[in-house]
Amino acid sequence: MEEATLAGVVIIIMGMIEAFKLAGFPKKYSALLALVFGVIGMIAVALQTGSQDYVGAIKAGLIVGLMSAGLYSSTKPVVKNLLRMARK
């Protein structure tokens with residue numbers, strides 16, 4: 001799988017998680033939701049590309065889901081601090 005595809009799926013998952021949270025989805029389950037979206041997204045990519053490696057797609061989906069959950073949770077405090085510094 002290409003790195004650009006993985007990065008694109010991570011960004012899409014981050015956006016979907018944020019949309020679900022804005023719609024009222026409990027924040028404590030956002031990591032689990034990211035894992036589910038990751039697996040579904042990578043299986044969809046495998047089906048689109050004609051790959052028969054579904055076990056690899058599930059593994060990649062778990063990794064992508066964890067990446068998107070971790071990237072969101074680690075960048076959110078940084079962005080808040082940058083915005084706070086910009087206001088001063």
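## Helix packing and residue burial in a three-helix chain

The accessible surface of the protein chain amounts to about 6000 Å², and carbon and sulfur atoms hold 70% of that area. The model is a predicted one. Of the 88 residues in the chain, 25% are buried. Computed along the principal axes, the box filled by the C-alpha atoms is roughly 55 × 25 × 15 Å.

**Overall architecture**

The protein chain contains 3 helices and 0 strands. Read from the N terminus, its elements follow the order α-α-α. Among contacts with a separation of 6 or more, 57% join residues that lie 24 or more positions apart.

**Packing of helix 1 and helix 2**

Helix 1 covers residues 3–22 and helix 2 covers residues 30–49; the two pack at an angle of about 140 degrees, and their axes are 10 Å apart. Helix 1 is therefore oblique to helix 2, since an angle counts as roughly antiparallel only when it is over 145 degrees. The crossing of helix 1 past helix 2 is right-handed. On the side of helix 1, the contact is formed by Thr 5, Leu 6, Val 9, Ile 13, Met 16, Ile 17, Phe 20 and Lys 21. Helix 2 contributes Ser 30, Leu 33, Ala 34, Phe 37, Gly 38, Met 42 and Val 45. By class, the residues of this contact comprise 11 nonpolar, 3 polar and 1 charged.

**Selected residues**

Two of the helix 2 residues in this contact, Ser 30 and Val 45, can be followed individually. Ser 30 lies in helix 2 and counts as buried because its relative accessibility is 15%, where buried means under 20%. When neighbours within four places in sequence are set aside, Ser 30 is in contact with Ile 17, Lys 21 and Phe 25. Ile 17 and Lys 21 also appear on the helix 1 side of the contact between the two helices.

Val 45 likewise belongs to helix 2. With a relative accessibility of 17%, Val 45 counts as buried. Its C-alpha atom is 9.1 Å from that of Val 9, although the two residues are 36 positions apart in sequence. Val 9 is one of the helix 1 residues in the contact.

Thr 49 is placed in helix 2 as well, yet its relative accessible area of 57% makes it exposed, the cut-off for that class being over 50%. Between the C-alpha atoms of Thr 49 and Val 39, which are 10 residues apart along the chain, the separation is 15 Å.

Ser 68 belongs to helix 3, which spans residues 54–87. This serine is buried, with a relative accessible area of 3%. Leaving out neighbours within four places in sequence, Ser 68 is in contact with Val 10, Ile 13, Met 14 and Ala 34. Of these partners, Ile 13 and Ala 34 also take part in the contact of helix 1 with helix 2. The C-alpha atom of Ser 68 is 8.9 Å from that of Ile 12, and 56 residues separate the two along the chain.

The C-alpha separations described above are collected here.

| Residue pair | Separation in sequence | C-alpha distance |
|---|---|---|
| Val 45 and Val 9 | 36 residues | 9.1 Å |
| Thr 49 and Val 39 | 10 residues | 15 Å |
| Ser 68 and Ile 12 | 56 residues | 8.9 Å |

Technical notes:
Residues numbered from 1 in each chain as written. Predicted model: local features only at pLDDT ≥ 70, side-chain atom pairs only at ≥ 80, totals over all residues. Heavy atoms only, no water. Axes fitted to C-alpha atoms, helices over the stretch in contact; angles between N-to-C directions. Helix = DSSP H or I, 4+ residues; strand = E, 2+ residues; numbered from the N terminus. Parallel < 35°, antiparallel > 145°, perpendicular 65-115°, else oblique. Left-handed = near helix turned anticlockwise from the far one by under 90°. Contact = heavy atoms within 4.5 Å. Nonpolar A, V, L, I, M, F, W, Y, C, P; charged D, E, K, R; others polar. Buried < 20%, exposed > 50% of the residue type's maximum accessible area, 1.4 Å probe, protein only. Areas by Shrake-Rupley, 256 points an atom, 1.4 Å probe, with all protein chains shown as cover.
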